[in-house]
Every structure is written in structure tokens, then in C-alpha cells.
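Student: I would like to learn how the words used for a protein model are justified by its values. Please take me through one example, term by term.

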Amino acid sequence: MVAAAIAVLVPAATGAAVPAAAKPSSAAPHRLPATLPEPPSVGVVRVELAGLNVEAPHSMAGYSRAKFPHWIKQYGECDTREVVLARDGQDVKQDEMCRAISGTWFSEYDAAIFHNSGQLDIDHVVPLANAWRSGADTWTTPERRHFANDLVHSQLIAVSARSNRQKGDQSPDQWAPPRHAYWCTYSRAWTDIKHLYHLNVTEAEKAKLTEMLDTCPA
């Protein structure tokens, strides 16, 4: 089984390079990524936040989740969802189609613990609709597919379905993880993704991210 590599993509409308994703492989499930990518340090992220373009949200006209194709196969038969489930869980067992059939998962957003993968969603830290409003409306579909399946950066995380659906497509000023202990990591991840993909923020979003970064250890 050989999966196609994800290309490094450059949004034609912005001229800004989309970050490279890992080259998928035909590795067995135990060779899948082992840990959730750690976002940069708070000091680095504060600089990234200061450099983000502040702009009012773009129109949702023309938006569809279908314009952000997911989940794609990245490691043999393993699609992005199954890669994240295997990476973010403990003692995860997979079947021959790479589906998680057992394991233990801790939801960072609300501290809930699960033993059934069906109770988990894979959250896009920066939601697809938020990305659209922030500049992804100018990207091509392949560029949006890259964003929606990014395993290299802190964009994808397995969390409780309840918390993910409460969040929806809201920005941090509208929704933040109820588990405050995760605010530092969440704000670092959100800001870094916005920086890497050259996405805009609103004034309220930037203010809330600053507040959340203030929870990080000095």
C-alpha cells in the first residue's frame, strides 16, 4: 500500500507559502506519528500574534466543508482521522483497515476520558469555516485539503464530540476550552496556525488570544 505524498502548496491569491505536511508512508500502524505536535513557545507565539493581519471576517458566501476535503489517506489505509486517533490515544489497537477498535483517550478541552473512539471528534483547532472567513476563501481546493489534513502542525486533535460541537466554528473570543489548564496550549496552537497559513484575526480574537497566552508560565 503506497499513499501519495502531500505536496507543498502555495496559495495563488496570496503568494504565501502553505506549510509543508509530512510525507505519508505505507508504514504499519505502529509507525504512525507518536505525539501531538507541540506549538512554539509563548515567546515565539507572542511575536507571531503581533504580526497577524487584523481584518473583519470575510463573507461566508460560497463556503462548503466539501471545499476542504478530509479525511484523506496518509499512511497506507490510515486516513487522517485514524492517524490522529492512534496518535492521541493510549494503548490504541487498530484493525486491518486502520480503524481504532480500542484504546483510551483524554479530551484536552474538557478532561473527559473515553474508551470508545466513536465518542471522539477530530477537531480542527482553527475551524474550516473560520479559516474561510480569515482568508482561505481565496485558496484553491488542493490548498484547503492540505490545511484540513495537516498532521505536522498543531491543527488536529482528538477531543470529546461534545466539546467539539459546542465549539463549532467559533474563534477564541466566542469559545475557549472549558478546561482552563489547556488555554496556554490552545492559544499557542491557534495563533501559530494562523501565522503559518497567513490567516487574518479579528480585534476581539487577538485580544482573547493575548488573555489566553497570559495563562502560560513565564
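Student: Where is the place of Trp71?

Tutor: Trp71 sits in the loop between helix 1 and strand 1 (73–75), where helices (H or I, at least four residues) and strands (E, at least two) are DSSP runs, numbered from the N terminus. This is a predicted model, in which local features need pLDDT of at least 70 and side-chain atom pairs count only at pLDDT 80 or more, while totals for chains, interfaces and linings use all residues. Residues are numbered from 1 along each chain as its sequence is written, and side-chain values use heavy atoms, with hydrogens and water left out.

Student: What kind of peptide bond joins His70 and Trp71, and what is its omega?

Tutor: The bond between His70 and Trp71 is a cis peptide bond, with an omega of about 0°. Most residues other than glycine have a negative phi, and most peptide bonds are trans. The phi of Asp91 also deserves a look, since Asp91 is a residue other than glycine and has a positive value, near 55°; its place is in strand 3.

Student: How do you know that strand 3 stands at an edge of its sheet?

Tutor: The sheet is open and has three strands in the order 3-4-5, with antiparallel pairing (two strands pair if DSSP finds at least two bridges between them). Strand 3 (89–94) and strand 5 (113–114) each have a single partner strand, so one side of each is left without a neighbour in the sheet, and both therefore stand at the edges.

Student: What makes strand 4 and strand 5 a pair?

Tutor: Strand 4 (residues 100–106) is joined to strand 5 by two bridges, and the two run antiparallel, so the requirement for pairing is met. In one of these places, Phe106 has Ile113 in strand 5 as its bridge partner. Helix 2 (residues 80–88) packs on this sheet and touches strand 3 and strand 4, with a direction that makes about 135° with that of strand 3.

Student: How many bridges join strand 3 to strand 4?

Tutor: Four bridges join them, and the strands run antiparallel; Gln90, for instance, stands opposite Thr104 in strand 4. The hairpin of strand 3 and strand 4 has five residues between the strands, and in it Cys98 takes a positive phi near 75°.

Student: Why is helix 1 called roughly antiparallel to helix 7?

Tutor: Helix 1 and helix 7 pack with their axes 11 Å apart and at an angle of about 170°, where axes are lines fitted to C-alpha atoms, for helices over the stretch in contact, and angles run from 0 to 180 degrees between N-to-C directions. That angle makes helix 1 roughly antiparallel to helix 7, for angles under 35 degrees count as roughly parallel, over 145 as roughly antiparallel, 65 to 115 as roughly perpendicular and the rest as oblique.

Student: Why, then, are helix 6 and helix 7 called oblique?

Tutor: The axes of helix 6 (residues 183–196) and helix 7 (residues 203–213) come within 8 Å and cross at roughly 135°, a value that falls among the rest in that scheme, and the two helices are therefore oblique to each other. Their contact (heavy atoms within 4.5 Å) includes Trp183, Tyr186 and Trp190 in helix 6 and Leu209, Met212 and Leu213 in helix 7.

Student: What makes helix 1 oblique to helix 6?

Tutor: The axes of helix 1 and helix 6 come within 9 Å and cross at roughly 45°, which makes helix 1 oblique to helix 6.

Student: How do you know that Arg188 and Glu38 form a salt bridge?

Tutor: Their side chains meet at 2.7 Å, N to O, and a salt bridge is a side-chain nitrogen of Lys or Arg within 4 Å of a carboxyl oxygen of Asp or Glu, so the pair qualifies. Arg188 in helix 6 and Glu38 in the segment before helix 1 (42–51) are 150 residues apart, and the pair links distant parts of the chain. The structure holds 11 salt bridges.
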